[in-house]
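The following exercises are to be solved with the sequence and the structure at hand. Each task is followed by a solution in steps.

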Amino acid sequence: MIAGRWLDLASLMITSADLVFSKALDKATTRGLVSMTSARVVTCGGGTASCFSGFTGVLVELLRGEYSDLFKQLTRASLQFKDASTNNQELKSDVEALRAKIPSFLNR
């Protein structure tokens with residue numbers, strides 16, 4: 001009875017991991033990791049604790065990959081924002097310079 005509940009929990013966690021990480025990882029890679037984890041759960045006899053730690057190890061690696069990808073995206077976005085801010089300041093100074101020239105053209 002306990003093993004059945006544990007397998008249900010493991011199955012739910014595997015399904016959740018597949019849903020969460022399918023966008024972040026290539027689908028084939030995700031399926032491979034989930035299949036590998038499923039195989040670990042099925043082949044685990046009475047050592048449910050070791051099976052669970054193996055599963056959490058896979059999840060930790062998936063989360064590290066997700067974190068790495070998100071950090072790279074954040075870095076790129078930060079650089080784009082910095083470039084846009086610099087460009088905006090340059091455009092503002094150009095507009096001010098043009099505004100300063102307008103009176104001299106109107107007085108001709």
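**Exercise 1. Determine how many salt bridges the whole structure contains, and describe each one.**

Step 1. In this predicted model, a search of the whole structure yields 2 salt bridges. Side chains of opposite charge can pair when their charged atoms come close.

Step 2. One salt bridge joins the side chains of Arg64 and Glu61, with a distance of 3.0 Å from N to O. This value can be tested against the cut-off for a salt bridge, which is a nitrogen within 4 Å of a carboxyl oxygen.

Step 3. Glu96 and Arg99 form a salt bridge as well, and their closest N and O atoms are 3.2 Å apart.

**Exercise 2. State where the partners of each salt bridge lie in the chain, and classify each partner as buried, partly exposed or exposed.**

Step 1. Helix 3 holds both Arg64 and Glu61; they are 3 residues apart, about one turn of the helix.

Step 2. Glu96 and Arg99 are likewise separated by about one helical turn, because they are 3 residues apart in helix 3.

Step 3. For the classification, a residue is exposed over 50% relative accessible area and buried under 20%, with partly exposed in between. Arg64 has a relative accessibility of 53% and therefore counts as exposed. Glu61, at 48%, counts as partly exposed.

Step 4. The other pair is treated likewise. Glu96 has a relative accessible area of 46%, so this residue is partly exposed. Arg99 is exposed, because its relative accessibility is 51%.

**Exercise 3. Find the aromatic pair in the structure and decide whether its rings are stacked, tilted or edge-to-face.**

Step 1. The search of the whole structure gives 1 aromatic pair. Tyr67 and Phe71 form this pair, with 6.2 Å centre to centre and 25 degrees between the planes.

Step 2. A pair of aromatic rings is described by the distance of the centres and the angle of the planes. Planes under 30 degrees apart count as stacked, and the pair of Tyr67 and Phe71 is accordingly stacked.

Step 3. Why are Tyr67 and Phe71 separated by about one helical turn? The reason is that they are 4 residues apart in helix 3.

**Exercise 4. Identify the nonpolar surface patch that includes Tyr67, and give the accessibility of Tyr67 and Phe71.**

Step 1. The patch is formed by Tyr67, Phe71 and Leu74, which together have about 370 Å² of accessible area.

Step 2. Tyr67 belongs to helix 3, which spans residues 48–106. With a relative accessible area of 58%, Tyr67 is exposed. Phe71 is partly exposed, at 47%.

**Exercise 5. Describe the chain as a whole, and state which helix has the lowest and which the highest confidence.**

Step 1. The protein chain has 3 helices and 0 strands, so that its elements run α-α-α from the N terminus on.

Step 2. The chain has 108 residues, of which 14% count as buried. The protein chain exposes about 8,400 Å², and carbon and sulfur atoms supply 63% of this area.

Step 3. The average pLDDT of the protein chain is 74, and 52% of the residues score at least 70. Confidence is lowest in helix 2 (residues 27–43), with a mean of 53, and highest in helix 3, at 89.

Step 4. Where pLDDT is low, the predicted coordinates should not be read in detail.

Conventions
Residues are numbered from 1 along each chain as its sequence is written. This is a predicted model: local features need pLDDT of at least 70, side-chain atom pairs count only at pLDDT 80 or more; totals for chains, interfaces and linings use all residues. Side-chain values use heavy atoms; hydrogens and water are left out. Helices (H or I, at least four residues) and strands (E, at least two) are DSSP runs, numbered from the N terminus. Buried means under 20% relative accessible area, exposed over 50%, partly exposed in between (1.4 Å probe, protein chains only). Accessible areas come from the Shrake-Rupley method with a 1.4 Å probe; for residues, only the protein chains shown count as cover. Patches are made of residues with over 30% relative accessible area and no salt bridge: like charges are joined within 9 Å, nonpolar side chains (Val, Leu, Ile, Met, Phe, Trp, Tyr) within 5 Å. Rings of Phe, Tyr and Trp (its six-membered ring) pair if their centres lie within 6.5 Å; planes under 30 degrees apart count as stacked, over 60 as edge-to-face and the rest as tilted. pLDDT is the predictor's confidence in each residue, from 0 to 100.
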